[in-house]
Amino acid sequence: MDNLGAGFAAFADPAYVILALVGVVLGTMVGVLPGIGPIGAMSVLLGMTTQLGPTGSLILFAGIYFGSTYGGSTTSILLNVPGEASSVVTALDGHEMTKRGRAGPALTIAALSSFLAGTIAIFGLMMSAPWLSGMAVKLGPPEYLALCVAGLLLLAALAGGSAAKAIVMICAGLAIGTVGIDPAGGDLRFTMGSPTLAEGFSFIALVMGAFGVAEALTMVGRRWRPKPVKAPRLRELLPSRQESRQAAPAAVRGSVIGFLLGLVPGPAAVLSTFASYVVERKISRNPDKFGKGAVQGVSGPEAANNAAAGAAFVPLLALGIPFAPTMALVLAALLLNGIVPGPTFVEDQPDLFWTVIAAMYIANLMLLVLNLPLVGLFTRLLSIPPQTLMPLVIGLCVVGVYAENNSMFDVVVMLVAGLLGFMLRRAGFSMAPFVLAVVLQPTLEVSLRQTLAFSDGNPGYVLGRPVTMVILGLVVLAVIVSARRALLAGKATRQRPGPVPDERTPTPGA
């Protein structure tokens with residue numbers, strides 16, 4: 001409690017309060033606007049992190065991440081337009097409540113559930129990160145190698161879509177990460193004689209291109225049809241007593257589910273919302289009400305979504321390994337400021353850790369206070385055509401990348417990465433595995449080299465480490481379950497009867 005009190009005392013500096021406020025407002029805005037998301041916002045602002053410092057960067061990025069989870073639910077409930085993938089489940093019952101004239105209570109329940117889940121997740125982070133850091137000190141290179149492999153493969157297996165395409169993007173990210181100086185021998189690798197590539201490709205340029213520029217090109221090509229927004233009045237926001245009694249237990253259960261799944265590599269926020277929805281429907285006395293405006297279908301998934309967002313910081317700060325693309329950007333912001341998170345992070349950087357914990361509590365409270373009164377303002381952002389916003393996004397990307405190293409080469413890398421990212425998206429490839437692979441490549445390579453050196457080619461060295469075998473066993477289990485699910489889905493598609501041919505229509509060649 002003394003450490004937490006010192007963290008709150010740091011907010012006597014008004015700059016930290018302003019950064020927290022800017023983060024939550026900006027995060028809510030990108031959560032409301034479909035397609036941009038926290039990754040796009042963080043990638044655009046990544047070049048500013050060296051000016052903000054490590055504490056300011058973490059406060060800003062945490063506010064953006066938490067705010068986007070709040071903002072996505074607003075348009076899901078009012079317009080049936082999920083601002084984020086993790087808000088898709090909320091739209092199932094949230095928009096049905098809007099149709100029945102209960103939009104205000106739905107928004108209030110979503111906000112209060114998110115606040116409760118965020119508070120529980122931050123408390124869990126505060127209690128578990130120091131403990132996990134102490135445990136992580138005992139881990140060796142085989143365990144870190146297993147964690148890196150687990151993060152990449154689970155992301156490919158659980159993210160949805162084609163696992164083969166995700167693995168291709170992982171291999172591409174690992175290959176890009178090898179460009180530059182060999183960490184073991186100091187030799188130059190794959191630089192093609194260019195001194196500019198001696199330090200490798202700029203991560204900021206790659207991320208801004210793959211997410212910022214590619215997202216801007218994607219949004220410009222879409223047809224934007226603004227929908228009329230009728231935001232509820234303040235007096236219409238209060239839920240009934242029965243709705244409150246139904247929502248509170250679901251929010252607590254969703255918080256626990258979200259925090260636990262947030263510790264797992266992959267799209268934890270999306271998986272936790274579906275898991276919470278399934279649990280609430282299973283234990284409900286009236287499962288038929290789900291999909292028709294059930295309060296538990298709003299409170300449970302929203303709580304799970306926000307709890308998963310808070311839990312995602314645990315493996316990053318305690319192990320130094322990001323399990324999600326957003327955490328990869330947070331890691332990049334820390335590395336740019338000379339801070340290396342890992343097992344000794346809490347002990348070496350106590351002021352930074354506890355100030356960020358306090359910032360999360362403050363940002364969570366700010367979101368609760370701001371989102372309900374300003375719900376009409378945030379939803380009106382949907383009427384802004386992307387053609388007016390996306391050129392500004394590209395301009396910020398160019399300025400941010402050039403300001404990092406004053407290098408036009410980085411700008412060219414960003415534009416090429418943006419064009420390739422745009423084309424790969426249209427072909428069905430996700431950029432999240434690519435970015436995570438680029439971030440994890442140094443840790444994975446060093447851990448692999450050290451494991452091979454210690455084992456001297458003996459596989460029994462790895463087989464004799466129980467933590468490593470448990471991690472790899474869970475990965476194998478997840479891959480098998482994902483493959484079985486894909487096979488069942490393909491079999492169901494093949495067995496689905498096609499359209500009955502019309503006898504009056506002659507067949508080709510008849």
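## A mostly helical chain and its salt bridges

Of the 510 residues in this chain, 52% count as buried. Keep in mind that this is a predicted model. The secondary structure comes to 22 helices and two strands. Among contacts with a separation of 6 or more, 79% are between residues 24 or more positions apart. As for the outside, the accessible surface is about 23500 Å², and carbon and sulfur atoms own 67% of that.

Let's start with helix H11, residues 268-283. With 16 residues at 1.5 Å a residue, H11 should span 22 Å, and its end C-alpha atoms are indeed 22 Å apart, so the two values agree. The buried residues here are Ala268, Ala269, Ser272, Thr273, Ser276, Tyr277 and Glu280. Looking down the axis of H11, you'd see these buried residues fall within an arc of 165°, so they line one face of the helix. The spacing fits a general rule: an α-helix has 3.6 residues a turn, so residues three or four places apart point the same way. What do the buried residues of H11 pack against? Their partners are helix H5 (88-99), helix H10 (241-262) and helix H12 (296-311).

Glu280 also takes part in a salt bridge, with Arg253, at 2.8 Å from N to O. This pair links distant parts of the chain, with Glu280 in helix H11 and Arg253 in helix H10, 27 residues apart. Glu280 has a relative accessible area of 2%, so it's buried. Arg253, at 31%, is partly exposed.

How many salt bridges are there in total? The count comes to four. Here are three pairs with their N to O distances:

| Arg | Glu | N to O distance |
|---|---|---|
| Arg465 | Glu143 | 2.9 Å |
| Arg189 | Glu445 | 2.7 Å |
| Arg253 | Glu280 | 2.8 Å |

Take the salt bridge between Arg465 and Glu143, where the closest N and O atoms are 2.9 Å apart. Arg465 sits in the loop between helix H21 (460-463) and helix H22 (466-495), while Glu143 belongs to helix H7 (residues 141-158), so the pair ties together parts that are 322 residues apart in sequence. Is Glu143 buried or exposed? Glu143 has a relative accessible area of 4%, and because the cut-off for buried is under 20%, Glu143 counts as buried. Arg465, at 22% relative accessibility, counts as partly exposed.

Then there's Arg189 with Glu445, whose side chains meet in a salt bridge at 2.7 Å, N to O. Arg189 is in strand S2 (residues 188-189) and Glu445 is in helix H20 (residues 432-455), so this pair ties together parts 256 residues apart in sequence. Both Arg189 and Glu445 are buried. On the subject of networks, salt bridges that share partners join Arg189, Glu445 and Arg449 into one.

Finally, the surface. Leu116, Ile120, Val252, Val256, Leu260 and Leu263 make a nonpolar surface patch of about 450 Å². Helix H6 (103-136) and H10 each supply at least two residues of this patch. Which helix gives the most to the nonpolar patch? That's H10, with three residues. Val256, for one, lies in helix H10, and its relative accessible area of 47% makes Val256 partly exposed. So H10 turns up in several places: the buried residues of H11 pack against it, it holds Arg253 of the salt bridge with Glu280, and it gives three residues to the nonpolar patch.

Conventions:
Residues are numbered from 1 along each chain as its sequence is written. This is a predicted model: local features need pLDDT of at least 70, side-chain atom pairs count only at pLDDT 80 or more; totals for chains, interfaces and linings use all residues. Side-chain values use heavy atoms; hydrogens and water are left out. Helices (H or I, at least four residues) and strands (E, at least two) are DSSP runs, numbered from the N terminus. The expected span of a helix is 1.5 Å times one less than its number of residues. Buried means under 20% relative accessible area, exposed over 50%, partly exposed in between (1.4 Å probe, protein chains only). The arc is that of the directions from the helix axis to the C-beta atoms. Contact means heavy atoms within 4.5 Å. Patches are made of residues with over 30% relative accessible area and no salt bridge: like charges are joined within 9 Å, nonpolar side chains (Val, Leu, Ile, Met, Phe, Trp, Tyr) within 5 Å. Accessible areas come from the Shrake-Rupley method with a 1.4 Å probe; for residues, only the protein chains shown count as cover.
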